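Colleague: Hey, have you got a few minutes to walk me through this one? I'm new to it, so plain answers please.

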Amino acid sequence: MPAPRTPRRVASVIRLRPEHAEEYLELHRSVPRPVLDTLSRAHVTNYSIFLRDHTLFAYFEYTGDDYEADMAAIAADPQTQRWWTLTDPCQQPLDSAQPGERWVTGEELFHLD
């Protein structure tokens, strides 16, 4: 039996607009099941979003074979697109984000299993 694959760890950051903070928190109290199912089908596991000083930090593990294709499948999902119409106005990309980039991926500097 082959050894289990080490998941790809992904961390990203975006700002939370203070005037939309309560709305964003409320939205995440009940993320729609179809959005969660799309993430699961795309091999996204152990997904968390943390908040500190109007900064959102997201972390997930990717267990699939084709990250780009799975992320494209998430982006193409109509239920996820609808979800983003609700959440995107609450967010403000960091100054270091490229044009059109929202969540900025962080570089892993340290990991302990």
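Colleague: How many helices and strands does the protein have?

Modeller: One thing before that: this is a predicted model. As for the secondary structure, it comes to four helices and five strands.

Colleague: And what pattern do they follow along the sequence?

Modeller: Reading along the sequence, you get β-α-α-β-β-α-α-β-β.

Colleague: OK, overall shape next. What is the radius of gyration, and what would a compact globule have?

Modeller: The protein has 15 Å, and a compact globule with 113 residues would be near 13 Å, so the two agree. If you'd rather think in box terms, the C-alpha trace spans about 50 × 35 × 30 Å along its principal axes.

Colleague: How much of the protein counts as buried?

Modeller: 27% of the 113 residues. The accessible surface comes to about 7,900 Å², and carbon and sulfur atoms account for 55% of that.

Colleague: What about contacts between residues at least 6 apart in sequence: what share joins residues at least 24 apart?

Modeller: That share is 69%.

Colleague: Switching to charges. How many positive and negative ones are there, and how far apart are their mean positions?

Modeller: There are 11 positive and 18 negative charges, and their mean positions are 3 Å apart.

Colleague: Let's go to the strands. Which ones pair with strand 3?

Modeller: Strand 2, residues 44–52, pairs with strand 3, residues 55–62, in the antiparallel sense over seven bridges. Strand 1, residues 8–16, also pairs with strand 3 in the antiparallel sense, over eight bridges.

Colleague: Can you give me some residues to click on? Which residue in strand 3 is the bridge partner of Thr-45?

Modeller: That's Glu-61. Glu-61 is also the bridge partner of Arg-9, so to speak a handy place to start looking. For another pair to click on, Arg-52 stands opposite Thr-55 in strand 3.

Colleague: Why would you call strand 3 largely enclosed?

Modeller: Because six of its eight residues are buried, the rest of the structure largely encloses strand 3.

Colleague: What's going on at the turn between strand 2 and strand 3?

Modeller: That hairpin has two residues between the strands, and Asp-53 takes a positive phi near 50° there. Asp-53 has that positive value although it is not a glycine.

Colleague: Is Asp-53 buried or exposed?

Modeller: Exposed, since its relative accessibility is 62% and the cut-off for exposed is over 50%.

Colleague: Which other residue that isn't glycine has a positive phi, near 65°?

Modeller: His-43. You'll find His-43 in the loop between helix 2 (33–41) and strand 2. His-43 counts as partly exposed, because its relative accessibility is 33%.

Colleague: Now the helices. Where is Thr-87, and is it buried or exposed?

Modeller: Thr-87 is in helix 4, which covers residues 78–87. With a relative accessible area of 3%, Thr-87 is buried.

Colleague: What does Thr-87 touch, leaving aside its neighbours within four places in sequence?

Modeller: Thr-87 is in contact with Tyr-24, Leu-27 and His-28. You could also look across to Arg-15: Thr-87 and Arg-15 are 72 residues apart along the chain, and their C-alpha atoms are separated by 12 Å.

Colleague: And Ala-73, where does that one sit?

Modeller: Ala-73 is in helix 3, residues 67–76. Ala-73 is partly exposed, with a relative accessible area of 42%.

Colleague: How far is Ala-73 from Leu-86?

Modeller: They're 13 residues apart in sequence, and 19 Å apart in space from C-alpha to C-alpha.

Colleague: Last stop, the start of the chain. Where is Pro-4, and is it buried or exposed?

Modeller: Pro-4 lies in the segment before strand 1. Pro-4 is exposed, with a relative accessible area of 77%.

Colleague: How far apart are the C-alpha atoms of Pro-4 and Thr-63?

Modeller: They're separated by 9.9 Å, and the two residues are 59 apart along the chain.

Colleague: Great, thanks. I'll go and click through those.

Conventions. Residues are numbered from 1 along each chain as its sequence is written. This is a predicted model: local features need pLDDT of at least 70, side-chain atom pairs count only at pLDDT 80 or more; totals for chains, interfaces and linings use all residues. Side-chain values use heavy atoms; hydrogens and water are left out. Two strands pair if DSSP finds at least two bridges between them. Buried means under 20% relative accessible area, exposed over 50%, partly exposed in between (1.4 Å probe, protein chains only). The radius of gyration is taken over C-alpha atoms; the globule rule is 2.2 Å times the number of residues to the power 0.38. Contact means heavy atoms within 4.5 Å. Accessible areas come from the Shrake-Rupley method with a 1.4 Å probe; for residues, only the protein chains shown count as cover. Lys and Arg count as positive and Asp and Glu as negative; His and the chain ends are not counted. The place of a charge is taken as NZ of Lys, CZ of Arg, CG of Asp or CD of Glu.
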